[in-house]
Amino acid sequence: MSVQRVPVLVAGGAYTGLTTALSLAARGVRPLLVERRPGASTLPKAWGLNTRSQELLHTLPGVGRRLEAALGDAQWPRISHGVCLADPERRFLDPEAGQPDPRQLSPVPPLAWISQARVEEILRVGAEEAGAELRHGTEVVAVVQDDEKVTATLREVSTGREYVVEADYLVAADGNTSRVRDMLGIAVEGGGTIGHMYIITFEADLTRYVKKGAVEVIGMPGSGSSFILDGSERHTLWVDYFPERGETPQDFTEERCLERIRRAIGDPGIDVTFVNARFFPINHKLAERFRDGRVFLAGDSAHACPPNGGQGGNLAIQDAYDLSWRLALVLTGEAGPGLLDTYETERRPVVNITLEREVELAKISEGRVPASYNPADPNAPIPMPKEYLGFRYHSAAVRTEADDDGSLQEDPWHPTGRPGGRAPHVVLTEGTRELSTHDLFGRGFVLLAGQEAPDWVVAAEKAAGTLGITLDAHRIGERFTDRDNTWCDRYGVEPTGAVLVRPDAVVAWRGRKAADDPEGELTAALTAVLAR
């Protein structure tokens with residue numbers, strides 16, 4: 001019997017797996033994704049794409065357009081505390097006036113308040129259109145690997161039929177209880193399961209208490225409950241669940257759930273339609289390593305954190321993107337296998353900052369709602385742009401400068417352009433069209449050169465030809481104009497300098513000024529970054 005061979009096998013079909021599949025397929029690598037569920041989930045699960053996640057997803061075919069349509073007129077969710085939803089004296093925890101405007105940092109919204117189910121549907125459609133093969137109702141039950149391949153035994157859940165697939169690489173995107181991670185014997189650090197909740201999904205007309213289409217997160221201190229309203233007709237109530245006190249899933253009958261919903265709304269007579277109730281463990285886990293030979297962990301299989309700040313799903317999307325562009329370059333021969341080592345080296349320290357902060361946020365929260373909300377406090381354990389836009393990577397895929405301080409973060413409102421950091425957003429114009437530097441990133445490596453640096457553009461063409469890679473080069477001030485005259489300052493170069501940006505919009509190298517041998521410097525930088 002013939003064995004199917006694929007370049008990449010992806011185990012898991014949620015945020016991580018779908019982003020991986022779409023990103024690979026968009027780069028010319030057709031993966032096979034298997035998901036044990038028989039179909040896509042229609043439950044909201046999680047909400048909110050931060051700026052970084054949106055920027056990355058907008059580089060994938062069709063996703064930006066579909067996300068914008070799904071977002072519609074949704075606004076940043078308001079957070080409030082009250083006795084119940086009907087409480088006329090609910091206290092809103094709005095950011096204080098005078099805070100820096102996050103809209104200055106990116107061409108995308110500061111937050112896209114869209115449910116995970118809706119985003120996953122967008123990713124699924126995009127992945128299939130790009131050529132990925134998605135196989136639902138199928139799970140990975142055994143994994144063996146050698147120096148050349150991964151051999152996975154797959155099982156059809158409905159029939160029990162087992163068969164074998166071979167892959168160059170396997171991505172474990174199978175969640176915080178990852179079977180693949182357990183098969184490999186990869187241990188996890190952190191606090192483990194640090195709490196439990198039950199998520200009750202329901203439908204009801206709440207316009208008597210909130211505006212139609214309201215986007216809010218509402219806490220009820222002392223009740224063990226919190227609402228999430230995402231602007232749709234389907235709403236979510238999070239309630240405390242204590243199995244250590246003898247509570248069981250059987251306690252959450254439909255009748256009990258309806259009673260909890262009506263009590264949280266504050267209207268015992270309101271008409272409510274019960275949709276679903278499900279258990280949700282609150283975890284703090286970090287895998288001791290993200291790679292084992294030809295197998296990679298990404299998303300919740302690599303790490304898990306409390307949901308209070310809404311960053312778990314964002315980390316999953318970012319893992320998937322950061323891994324997939326590396327896999328694609330290695331599989332197409334543009335990069336050496338050593339590039340894959342940099343995935344864990346870069347991601348694990350940055351991810352851990354978010355995990356620790358989410359744990360601290362959970363300590364001052366009830367349900368999904370923090371007891372306080374003060375973005376002006378730099379020590380407040382709430383999601384900050386410094387965390388997801390001011391991160392800095394350090395690895396062989398970054399040409400770190402001699403005077404680099406090794407920091408893992410910088411202030412995104414005052415970017416330095418140092419290698420390892422996210423390429424700053426700068427407004428450009430092309431004729432009457434306005435765009436961002438980020439509109440130039442995502443498909444391959446990009447060289448941005450200063451207005452007085454034509455030699456760098458010529459050098460880029462020659463270096464790309466020598467190495468046989470795709471490299472787009474743009475001289476600021478030629479086709480694209482620096483509208484506010486800020487490009488040199490934000491990227492830390494002179495008008496004769498240049499910056500090399502990776503597919504994930506991270507600065508890989510920069511030449512602050514003109515060089516005697518621009519082709520040689522750029523070729524050396526690319527050779528090192530690509531592990532050639």
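Gly13, Leu18, Arg37, Ala40, Ser41, Ala117, Glu120, Glu121, Arg124 and His136 form the lining of the second largest cavity in this predicted model. Helix H4 (residues 116-130) gives the most to that lining, with four residues.

What about the largest cavity? Its lining includes Asn50, Arg52, Gln311, Tyr388 and Phe391. Helix H7 (312-331), helix H8 (341-363) and helix H9 (385-388) are the elements that each give two or more residues to this lining. Counting cavities of 30 Å³ or more, you get two. Here they are side by side:

| Cavity | Volume | Lining residues by class |
|---|---|---|
| Largest | About 100 Å³ | four nonpolar, five polar, three charged |
| Second largest | About 80 Å³ | three nonpolar, three polar, four charged |

Now for a sheet further along the chain. In general, strands of a sheet pair through backbone hydrogen bonds, either parallel or antiparallel. This one is an open sheet of four strands, in the order E24-E23-E26-E27, and its pairing is mixed. Which strands sit at the edges? They are E24 (471-475) and E27 (507-511), and each of them pairs on one side only. From one strand to the next, the twist averages 15°.

Take a look at E23 (residues 445-449): it pairs with E24 in the parallel sense, over five bridges. Leucine 448, for example, has histidine 474 in E24 as its bridge partner.

Two helices go with the sheet. Helix H10 (residues 454-467) packs on it, touching E23, E24, E26 (498-501) and E27, and its direction makes about 170° with that of E24. Helix H12 (residues 518-529) lies across E23, E24, E26 and E27, running at about 160° to E27.

Definitions and conventions:
Residues numbered from 1 in each chain as written. Predicted model: local features only at pLDDT ≥ 70, side-chain atom pairs only at ≥ 80, totals over all residues. Heavy atoms only, no water. Pairing = 2+ DSSP bridges. Axes fitted to C-alpha atoms, helices over the stretch in contact; angles between N-to-C directions. Contact = heavy atoms within 4.5 Å. 1 Å grid on protein atoms, 1.4 Å probe; cavity = no way out; pocket = protein on both sides within 12 Å on 5 of 7 lines; lining within 4 Å. Points joined across faces, edges and corners; volume = space filled by probe spheres on them. Nonpolar A, V, L, I, M, F, W, Y, C, P; charged D, E, K, R; others polar.
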